[in-house]
Amino acid sequence: MSEVSKEYNFSQVEEKWVNAWDNSIYYFDWESNRPQYIIDTPPPYPTGDFHIGNALNWCYMDFVARYKRMQGFNVMFPQGWDCHGLPTEVKVEEINHITKNEIPREEFRRLCEKLTEEAIARFRKSMTRLGLSIDWSNEYITMSPQYYVKTQRSFVQMYHKGLIYREDHPVNWCPRCTTAIAFAEVEYDQRTTTLNYMRFPAKIGHLEIATSRPELLPACVAVAINPADDRYKDYVGKEVAVPIFNYKVPVLSDPAVDASFGTGVVMICTFGDRQDVRWWVEHDLPLRQAIDRNGRMTDTAQAYQNLSVKEAKEAIINDMLDREIIFKQEPLEQNVGLCWRCKTPIEILSERQWFVKINPEEIKKTSEKIQWIPPHMETRLKNWADSVEWDWCISRQRIFATPIPVWYCRSCGEVLVAEEEWLPLDPNRTKPPVKCRNCGSDDFLPEEDVLDTWMDSSISALAVSGWLDRQDYRMPTQLRPQGHDIIRTWAFYTILRTKALVDIRPWDTILVNGMALGEDGHKMSKSLNNFIRPEEVFEVNGADALRQWAALGGTPGNDIMFQWKEITAASRFLQKLWSIYRFSSPLMAKTEAVPSQVDRWLQGELDQVIKTATEAMDSYKFDEAFRAIRVFTWEVLADNYIELVKARLYGPDGPEKRAAQDTLYKAIETLSRLMSPFIPFISEEIYYSLTGQSVHSQGWPKGMGMEPDLAGLQIKDIAAAIRRYKSEKGLALNCQLAGISVYSDLGLETTDLQGVANSPVESKTGKPDIEMRATGVKPLMKVLGPIFKDKSGRVIKALSDMDPSQVALMKASGSVRVVLESEAVDVPAQAVDVVTQTMFSGQAVDLLNVGESMVLIKR
Ligand SMILES: [Zn+2]
Ligand SMILES: [Zn+2]
């Protein structure tokens, strides 16, 4: 045991355990009778690298998984990979300088798969180095047929339940990515644009209209005014002509028109924004689609056909300025909807797409059966549910995604949805094994659209619980950890889909965590140059230090800032822990001995920290749990207990020594287990050297049922008071005093106090028979001077010559009478101090009051 190094070599210890650990101890046991604890972990997009934000979230999950495992639960901590979707496609397009349509579909998909596999390998490496207790026997990869068969079967089941349908409907469209996207994927940003005032001629004059999007003039299907707006009431029910394009549209009245915007007259286009869609439906207006899927003008735009939206806007404005149709322009601050992935302004196009029905009330009701931590995050879900106006558009005009298992009969147009037993399949590569049910033809067109990637990830809870693979699938799962940024997507869609497919809530609890911010307080991003990779921290301070940072910032729901100084502080704690272990290693022992008062006090403190940590872990307050452990280790164990019992530990063998050895062993053994969910490497190193077993197969510590020992606590405080006394008197800490008597009704043991004070200590009950003796007089010049002026010197001399006990008596009565040569003067009490000395049996002693105890020190 003597070869414990002085410095804690984190990289050597961490690397050793990363290689030595047997991860199969973390596998979920499908046959076990223990209560299950399944974590519906987020499958990350494997693009780029595993970053600090990922590390933070995975640490939280690991704290929970390890804690629950130690509590005896049958824990599943699966790892999924949400492969499909735009980020990877866009990346492949960037790397290869192509767009998806320039190479064959299969080739494009292969490039996406390769990029994803590389990223997964990088992520796995970082996760392993971070010491996560992931259950790799429950890994899932959404791009693999084993997973997407489930996505496809969920599609078919919901189709047959009438919850999925295909329809022409306005959708949010990204012209750059050339795909429909869902509402949850539209981001909003402020942009400055121009508001153009123009005239629409009518039979009885003209209407002035202001618009920021004159390129949508060919898509105009009506103009509208507010019914309360008297300025234009004569126009309602009449027609106006659309300038440049010269066709007539009706003038409607609608209370949703904002009379204070522009001129108060609004042009309704198909479609400028969501409000246009509402009016289009309410007033049953025709469709004029002026923009196509690629963001170019259609033939509806007449002379402007084939121009991009931007080009058309410029050309139309110029033409209207030339013809003096536009008579005024002013800047306008506007909220613009952007594609979440590529930030291109979205258009609203009417498209034939696949949709999932959204029932906001059912989602809210299901959500109420789930425990939300912190609770206010549920409001975000409910507000979103109330704001969703259209169903969830799930078809995407992309490639790298789960195929929609559908064909269309070329002869009669009949829709053929695959049977579940035919799946998985890609309709572009597989013909249906049946003929058209309507006309008997076997000539089919495959569905080329693919599914929104949230269709994959929204069945993650179902997939990990064994749904479709096992009769006894384990719904609901116990915990969903996730970020607050994906409540309207991942949380919302998972609740919707689980309820629709198996009619139950997906989880018992959802734990919403914050985001990792850079040292500058901004969201970490490469472009802001505040980006830290976990590998940098592994290199400098190790994984345990990073995990401590995560634990201490871990108040659920709050964002947490990455700070190197906290990593450094974490490192210092690891070194302190190591020093404690190094000191204790040759001294502690597991043995039978009757604990002393001080030992019982420490065991009581240990029980207390177990209780605090357990309660905090049960409510996911990782910061509280770890802080309690750290305070115990540093202040209670190292600064107090070890200092108190050093003399016993170094002393001769006997019951007192063995009690200290055993208590120290218990403390360090228990601490290793308490710390193991947070800092698994150093905990393992210490625990393994103590017991020869892995700490990660052990149970969570239970208290020994020790009440806090008041006598031991008192001894600890007296020891501190003696140390303080020596330091105030300028004495060395090991300086021997003539004798110490401790008076306390607790019947204090003296061994450890003798050790700390390096002096004889006797323990007594009751109070010492002491008296206070006046031993000197101290005149105060500052008070005397102004009163006695030139007499001051004589007054002071006289005071100093007086009997101190006499002065004390007179001072108590309010003033001290001093006799000078010829006169007597009265000195006010506040002008003189009397120096006293505590006396015991005729000897001068020093007295310390510590709680209920009195400590007499003979000099
Ligand atoms: Zn886009
Ligand atoms: Zn047919």
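# Zinc sites, sheets and helix packing in a predicted model

V171 stands opposite L349 in strand β14, within a pairing in which β5 and β14 run antiparallel over 10 bridges. This is a predicted model, in which local features need pLDDT of at least 70 and side-chain atom pairs count only at pLDDT 80 or more, while totals for chains, interfaces and linings use all residues. Residues are numbered from 1 along each chain as its sequence is written, chains are lettered from A and ligands numbered from 1 in the order in which they are written, and side-chain values use heavy atoms, with hydrogens and water left out. Helices (H or I, at least four residues) and strands (E, at least two) are DSSP runs numbered from the N terminus, and two strands pair if DSSP finds at least two bridges between them.

**Zinc ion (ligand 1)**

- The zinc ion (ligand 1) is coordinated through the SG atoms of C174, C177, C339 and C342, at 2.2 to 2.4 Å, where donors are N, O and S atoms within 2.8 Å of the metal (3.2 Å for Na, K and Ca).
- The angles among the four donor atoms of the zinc ion (ligand 1) run from 103 to 120°, and the site is tetrahedral, a term that requires all angles of four donors to lie between 85 and 135 degrees.
- Along the sequence, the donor residues of the zinc ion (ligand 1) are spaced C-x2-C-x161-C-x2-C.
- Distant parts of the chain are linked by the pair C177 and C342, which are 165 residues apart: C177 is in the loop between β5 (164-174) and β6 (179-181), and C342 is in the loop between β13 (326-339) and β14 (347-356).
- C177 is buried, with a relative accessible area of 0%; buried means under 20%, exposed over 50% and partly exposed in between (1.4 Å probe, protein chains only).

**Zinc ion (ligand 2)**

- The zinc ion (ligand 2) has as its protein donors the SG atoms of C409, C412, C436 and C439, which lie 2.2 to 2.3 Å from the ion.
- The four donor atoms around the zinc ion (ligand 2) subtend angles of 103 to 117°, and the arrangement is therefore tetrahedral.
- The spacing of the donors of the zinc ion (ligand 2) along the chain is C-x2-C-x23-C-x2-C.
- Here the pair C412 and C439, 27 residues apart, links distant parts of the chain, with C412 in the loop between β18 (406-409) and β19 (415-417), and C439 in the loop between β19 and β20 (444-446).
- C412 counts as partly exposed at 33% relative accessibility, and C439 likewise counts as partly exposed, at 38%.

**Sheets and strand pairs**

- Four strands form an open sheet in the order β6-β5-β14-β16, with antiparallel pairing. At its edges stand β6 and β16 (392-393), each with a single partner strand, so one side of each is left without a neighbour in the sheet.
- Another open sheet has three strands in the order β19-β18-β20, and its pairing is antiparallel. Its edge strands are β19 and β20, each of which pairs on one side only.
- β18 and β20 pair in the antiparallel sense over three bridges, and C409, which is also a donor of the zinc ion (ligand 2), stands opposite F444 in β20.
- Strand β28 (residues 770-779) pairs with strand β31 (residues 832-840) in the antiparallel sense over nine bridges, and G776 stands opposite V835 in β31.
- Three bridges join β31 to the antiparallel strand β32 (residues 843-850), and T838 stands opposite V845 in β32.
- β31 and β32 form a hairpin with two residues between them, where S841 in the turn has a positive phi of about 45°.

**Helices**

- Helix α2 (residues 52-70) packs on helix α16 (residues 597-618) at an angle of about 120°, with the axes 11 Å apart. That makes α2 oblique to α16, a class for angles that are not under 35 degrees (roughly parallel), over 145 (roughly antiparallel) or 65 to 115 (roughly perpendicular). Axes are lines fitted to C-alpha atoms, for helices over the stretch in contact, and angles run from 0 to 180 degrees between N-to-C directions.
- G604 has its place in helix α16 and counts as buried at 5% relative accessibility.
- The C-alpha atoms of G604 and G712 are separated by 9.7 Å, although the two residues are 108 residues apart along the chain.
- Helix α14 (residues 543-552) is mostly covered, with nine of its 10 residues buried, among them D544, R547 and W549.

How values were computed:
Four donors count as tetrahedral if all angles lie between 85 and 135 degrees; four count as square planar and six as octahedral if opposite donors are over 155 degrees apart and all others between 65 and 115; anything else is irregular.
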